[in-house]
Amino acid sequence: MTLQFPLPNVSLAPRAPSTLRISRKPLVSLFALTFSCLLAAAPAMAAAPAGDKVMLEELTSTELRSRIDHGATTVLIPIGGVEQSGPYIALGKHNVRAGLLARQIAQKLGNTIVAPVVSYVPEGAISPPAGHMRHAGTLSIPPAAFEAVLEGAAASLRQHGFRDIIFLGDHGGYQKNEQNVANKLNRAWGKTAGANAARAYALLDYYDITQTAYIAELQKRGHSSAEIGLHAGLADAALMLATDPSLVRSEAMAHGPKPGVADGVRGDATRATAELGQIGVKLQVDTSVAAIRQLLQRNK
């Protein structure tokens with residue numbers, strides 16, 4: 001069967017109007033192919049928005065409400081910070097690591113959401129500058145302001161239906177502040193029972209493992225304490241290479257001068273590799289998952 005479309009009479013010759021004959025089969029085939037593609041894509045398009053997302057900022061309010069109502073009542077609050085780490089590691093290392101590792105922990109736990117990374121943290125006196133504040137780029141807020149931010153964030157999440165709210169601090173300087181906030185919230189929330197009961201936790205294991213088992217693993221592989229370092233040394237750089245290598249200036253580090261304490265560095269990152277960093281990442285994720293499961297089981 002064919003379709004006929006009359007063409008205008010252009011009067012080039014005294015003849016009857018011609019017709020353009022187009023086969024229907026290619027049109028039908030094209031329509032069928034387009035329709036089938038749309039049908040195949042529809043379920044994927046419908047399922048994409050929230051199914052496997054764990055980052056709160058990537059969800060809509062409606063999607064988050066549904067997740068909470070279906071059992072995702074545990075939330076992680078990753079805490080980073082903006083501080084100098086010498087000439088070869090970017091200022092945002094703690095923010096990036098805290099966010100990426102929190103995502104991995106949440107995915108392993110299941111039914112867990114990750115709140116935005118808290119980036120403003122205490123880093124020492126501003127004027128006169130002390131500690132990391134002596135180097136460009138470090139941002140510091142008073143401990144009381146930091147604790148107020150954690151308290152407000154946790155209270156907001158509890159209001160929306162989260163029942164287990166867990167602080168994950170990537171920096172050693174504010175671990176006690178996390179604990180202070182968790183204790184304060186639990187004293188206040190302890191008066192509420194039933195469906196609205198909630199608890200806050202400072203998961204110190206997340207950070208502590210980087211200062212114990214991870215250091216021991218690096219030492220087993222022939223790295224000295226001086227090389228591993230306390231700040232911006234091998235351990236720090238290796239963890240960064242394993243999470244976001246773009247934040248490490250590897251080429252400059254390999255050929256540039258070795259920084260020291262005056263440069264804000266305690267350690268030697270020259271031999272750091274992503275493989276060494278993966279050891280620490282695995283320890284942090286696995287240790288945190290086990291500790292959180294234990295906390296949740298204990299407080300059922």
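Q: How do you know that α4 and α5 touch, and which residues meet?
A: Contact means heavy atoms within 4.5 Å. On the α4 side you find Pro143, Phe146, Glu147, Leu150, Glu151, Ala154, Ala155 and Arg158, and they meet Asn177, Glu178, Asn180, Val181, Lys184, Leu185 and Trp189 in α5. This is a predicted model, where local features need pLDDT of at least 70, side-chain atom pairs count only at pLDDT 80 or more, and totals for chains, interfaces and linings use all residues. Residues are numbered from 1 along each chain as its sequence is written, and side-chain values use heavy atoms, leaving out hydrogens and water.

Q: At what angle do α4 and α5 cross, and what is that arrangement called?
A: Helix α4 is residues 143-159 and helix α5 is residues 175-189; their axes come within 10 Å and cross at roughly 45°. That makes α4 oblique to α5, because angles under 35 degrees count as roughly parallel, over 145 as roughly antiparallel, 65 to 115 as roughly perpendicular, and the rest as oblique. The axes are lines fitted to C-alpha atoms, for helices over the stretch in contact, with angles running from 0 to 180 degrees between N-to-C directions. The helices themselves are DSSP runs (H or I, at least four residues), as are the strands (E, at least two), numbered from the N terminus.

Q: Is the crossing of α4 and α5 left-handed or right-handed?
A: It's right-handed. In such a crossing the near helix is turned clockwise from the far one by less than a right angle; anticlockwise would be left-handed.

Q: What makes a residue of the α4 and α5 contact nonpolar, polar or charged?
A: Ala, Val, Leu, Ile, Met, Phe, Trp, Tyr, Cys and Pro count as nonpolar, Asp, Glu, Lys and Arg as charged, and the others, Gly among them, as polar. On that basis the contact divides into 8 nonpolar, 2 polar and 5 charged residues.

Q: What is the arrangement of α3 and α11 called, and on what value?
A: Their axes come within 9 Å and cross at roughly 45°. So α3 is oblique to α11. The crossing is right-handed. Leu101, Gln104, Ile105, Lys108 and Leu109 of α3 make the contact with α11, where Val281, Gln284, Val285 and Asp286 are among the partners. By class, this contact has 7 nonpolar, 3 polar and 3 charged residues.

Q: How do α9 and α11 pack, and what is that angle called?
A: The angle is about 85°, with the axes 7 Å apart, and α9 and α11 are therefore roughly perpendicular to each other. In α9, Leu234, Ala238, Leu239, Leu241, Ala242 and Thr243 meet α11 residues including Ala274, Leu276 and Gly277. The contact has 8 nonpolar, 5 polar and no charged residues.

Q: What makes the peptide bond between serine 127 and proline 128 stand out?
A: It's cis, with omega about 0°. Proline 128 sits in the loop between β4 (112-114) and α4.

Q: What is special about phi of asparagine 111?
A: It's near 50°, a positive value in a residue other than glycine. Asparagine 111 belongs to the loop between α3 and β4.

Q: What volume does the largest pocket have, and which residues are closest to its centre?
A: The volume is about 400 Å³. Of its 24 lining residues, Tyr207, Gln211, Leu230, His231 and Asp236 are the closest to the centre. A pocket is an open set of points on a 1 Å grid where a 1.4 Å probe fits, with protein on both sides within 12 Å along at least five of seven lines, and lining residues have an atom within 4 Å of a point. A volume is the space filled by probe spheres set on the points. The lining comprises 8 nonpolar, 11 polar and 5 charged residues.
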